[in-house]
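This report introduces a pocket and some surface residues to a reader who is new to the structure. The sequence and the model are shown first.

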Amino acid sequence: MEQLEKIKEIEKEKYMKLFRRQNVCFERGEGCKLYDISGHEYTDFFGGIAVNCLGYNHPDLVKAVSEQAGKLMHISNMYYSVPQAELIDRLADGSTFERAFLCNSGAEANECAIKIVRKLASESGSGKSTIVTARESFHGRTLATVTATGQEKYSAPFAPLPGGFKYVPFNDLEALKSAVTPDVGAIMLECIQGESGITPASYDYLVGAYAFARQKGILLILDEVQTGSGRTGKFYCFEHYGITPDIVTLAKGLGGGVPIGCCLARGEAADAFRPGDHGTTFGGNPLACAAANVVVQKLLETDLLDRITEAGEYLSDKLNEKLARHKFVLDIRGKGLLKGIQLDERIPALSIVGKMMSLGIIIGTCGHNTLRIAPPYIISHAEIDDMTDKLETILSGINI
Ligand SMILES: *Cc1c(COP(=O)(O)O)cnc(C)c1O
């Protein structure tokens, strides 16, 4: 405990005043369990914000990363590397996407997508540089991606902001269509709005946006930073809708905990850049690619996606059985292993996170007073039973 107090003191004095951290310092993990510096065990239903998709200390991931660290961690994109070639060969398989750009985060992947739209507009002289995004969306923390994010709280304090973004209400196809004026070159959406409350795009909305983008000859960009890499039971969430965007972005789960982002494109978007137009020092380095190769290989070449679907259905059943009729639960949403539980406004979601933590369960929050559940893909039925039981107990113990 004394060590935790010391760590908190250092953070408080020396880290920029950004994060409201939980009262815990983690030391190691194993499977879906995390252990803090006092040795307490927790079951993780948040996975470092939907990142640690294979759980902790996964033997194949640890082996690939440690072997690669012993060979080469970084060489820059001046040269070729085997792990990078293997990864882009898997991701840009030619049928769905033709070309990839590798970077280090979701925001950077989205920056690449935004720059593709701008490059096509300037090169063709079409003037189609504006990007339409949705209110309540989240696309990252760089200046361009906070501006793309349709939530003023993230962008307003950082004015002046880059221009060329336009916002429409989510899941409203008519509003989207009327926003597509001749200056618009792309529509950028999430299949499930993650940070603002796990709000899925309706089938008709996303399929309609796809068809409309086709008809207008503009690009559809899907930000799958959170929903991609298997999270919803398909490699990409858009597969549930039977569509393929022109550009997709990935990050969070892609490296199983090692930072990596990816922007994938097809058609004219894939060929927008010329040498020198865009770049990165670290992006696509052999270490990150070695990690992502393990994750992607497991998703594409084993039955992991089926496992995610099955575990996601079990999680849905349990949440519905235990919580759907609870007076403080307004809604249960999501797909696969990404779920949101919206609570009564009078019960702060963060207080539930703290109570769950004291019972040894890690969950997260997002948006409109919603609990966010995004466990590793290896989560077991017994762990799901335990989490839902504890959540029910906590909610039932609240008197207001
Ligand atoms: C987390 C997230 C981002 C930002 O990713 P970073 O790696 O934090 O830059 C962008 N878009 C979506 C949908 C996200 O969930």
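What volume does the second largest pocket have? The second largest pocket has a volume of about 730 Å³; a pocket is an open set of points on a 1 Å grid where a 1.4 Å probe fits, with protein on both sides within 12 Å along at least five of seven lines. Closest to its centre, among the 28 lining residues, are R99, A100, F101, L102 and F273; lining residues have an atom within 4 Å of a point.

This is a predicted model, in which local features need pLDDT of at least 70 and side-chain atom pairs pLDDT 80 or more, while totals for chains, interfaces and linings use all residues. Residues are numbered from 1 along each chain, and side-chain values use heavy atoms, without hydrogens and water.

The elements below each supply at least two residues of this lining.

| Element | Residues |
|---|---|
| α4 | 82-91 |
| β4 | 99-103 |
| α5 | 106-124 |
| β12 | 261-265 |

Helices (H or I, at least four residues) and strands (E, at least two) are DSSP runs. The largest share of the lining, four residues, comes from β4. By type, the lining divides into 15 nonpolar, eight polar and five charged residues.

Two further residues complete the account. Y15 lies in the loop between α1 (2-14) and β1 (26-30), and at 42% relative accessibility Y15 counts as partly exposed (between the limits of under 20% for buried and over 50% for exposed, with a 1.4 Å probe). P200 lies in strand β9 (residues 199-200) and is also partly exposed, with a relative accessible area of 28%. The C-alpha atoms of P200 and L173 are separated by 14 Å, and the two residues are 27 residues apart along the chain.

Key:
Grid points are joined across faces, edges and corners, and a volume is the space filled by probe spheres set on the points. Ala, Val, Leu, Ile, Met, Phe, Trp, Tyr, Cys and Pro count as nonpolar, Asp, Glu, Lys and Arg as charged, and the others, Gly among them, as polar.
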